[in-house]
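Below are some comments on the model you sent round. They are set out as numbered points, to be read with the structure open.

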Amino acid sequence: MEPEILIRYHADIPRIEKRENGDWIDLYAAEDVVLKAGEFALISLGVSMALPKGYEAHVAPRSSTFRRWGILQVNSVGIIDESYCGDGDIWRFPALAMRDTKIEKGDRICQFRIEKKMPPVRLTEVDKLSGNNRGGFGSTGDR
C-alpha cells in the first residue's frame, strides 16, 4: 500500500500532483511577494499536510528558483516532521532575496519529497575511533 498524504489548501493555487517524470513534488507560492535585495520573507505555500506515520518531508528550492527570482532558501533544506499536521500548520518557504524580485501567487518556487524518519539510534561516547583518518573535511580534493 502506498503512503497517503492528506492536503488542506488555504489558498486558490494549483493542486499539488505527483508527476511521473520526477521524484519531487512541486509547491506553489500562495501569495504575491515583493522583496528588495537582502530582505527575508516566509513565503506561504498555501497548504497544510498530514504526512504518513513514520515519514518526514524534505523541502528544497526547484533548480530554476534562484535563476528566476534570485532567492535562496535560508535553511538550505527544510525538514517537516509528521507532527506538523494541524490545520494551522501552513508550509512556508524561508526566502532570502539576493536581488530585487517579485514572486507571484501560483509560481512554483520549491519542491518536496517524503522520506522515512531515522530509526532509533544509540549514541555512545568513545575516546578513540578505530577507522582510518581520511585527512579532514574536504580531503578528497577539487577533482
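1. Disulfides. In this predicted model the disulfide count is zero. The sulfur of Cys85 has its closest cysteine sulfur in Cys110, 19 Å away, which is too far for a bond. The cut-off for a disulfide is a sulfur pair within 2.5 Å. Seen from the other end, the closest cysteine sulfur to that of Cys110 is in Cys85, at 19 Å, so no bond is assigned there.

2. Setting of these cysteines. Cys85 is partly exposed, at 41% relative accessibility. Cys110, by contrast, is buried, with a relative accessible area of 0%. Cys110 is also one of the residues in contact with Thr65, which leads to the next point.

3. Thr65. This residue belongs to helix H1, residues 65–69. Is Thr65 buried or exposed? Thr65 counts as buried because its relative accessible area is 0%, and the limit for buried is under 20%. Its side chain reaches the backbone oxygen of Ile109 at 2.6 Å. Ile109 appears again among the contacts of Thr65 that lie beyond four places in sequence, together with Gly70, Ile71 and Cys110.

4. Largest pocket. The space in the largest pocket is about 340 Å³. Which element gives the largest share of its lining? That is strand E11 (residues 108–116), with three residues. Phe112, Arg113 and Ile114 are among the lining residues, as are Glu2, Pro3, Ile5, Ile7, Ile16, Glu17, Lys18, Asp23 and Ile25. By class, the lining has seven nonpolar and five charged residues, and no polar ones. Anyone setting up a grid around this site can take the list above as the lining.

5. Glu82. The position of Glu82 is in the loop between strand E8 (78–81) and strand E9 (92–97). A polar contact at 3.3 Å joins the side chain of Glu82 to the side chain of Lys117. Setting aside residues up to four places away in sequence, Glu82 touches Lys117 and also Leu51, Pro52, Lys53, Gly54 and Tyr55.

6. Gly136. The segment after E11 holds Gly136. Gly136 is classed as partly exposed because its relative accessible area is 43%, and that class runs between 20% and 50%. How far apart are Gly136 and Leu51 in space, C-alpha to C-alpha? The distance is 38 Å, for a separation of 85 residues in sequence. Leu51 is the residue already listed among the contacts of Glu82.

Notes
Residues are numbered from 1 along each chain as its sequence is written. This is a predicted model: local features need pLDDT of at least 70, side-chain atom pairs count only at pLDDT 80 or more; totals for chains, interfaces and linings use all residues. Side-chain values use heavy atoms; hydrogens and water are left out. On a 1 Å grid over the protein atoms alone, a cavity is a set of points where a 1.4 Å probe fits but cannot get out, and a pocket is an open set with protein on both sides within 12 Å along at least five of seven lines; lining residues have an atom within 4 Å of a point. Grid points are joined across faces, edges and corners, and a volume is the space filled by probe spheres set on the points. Helices (H or I, at least four residues) and strands (E, at least two) are DSSP runs, numbered from the N terminus. Ala, Val, Leu, Ile, Met, Phe, Trp, Tyr, Cys and Pro count as nonpolar, Asp, Glu, Lys and Arg as charged, and the others, Gly among them, as polar. Buried means under 20% relative accessible area, exposed over 50%, partly exposed in between (1.4 Å probe, protein chains only). A polar contact is a pair of N or O atoms within 3.5 Å; within protein, one must be able to donate a hydrogen and the other to accept it, and residues adjacent in sequence count only if both atoms are side-chain atoms. Contact means heavy atoms within 4.5 Å.
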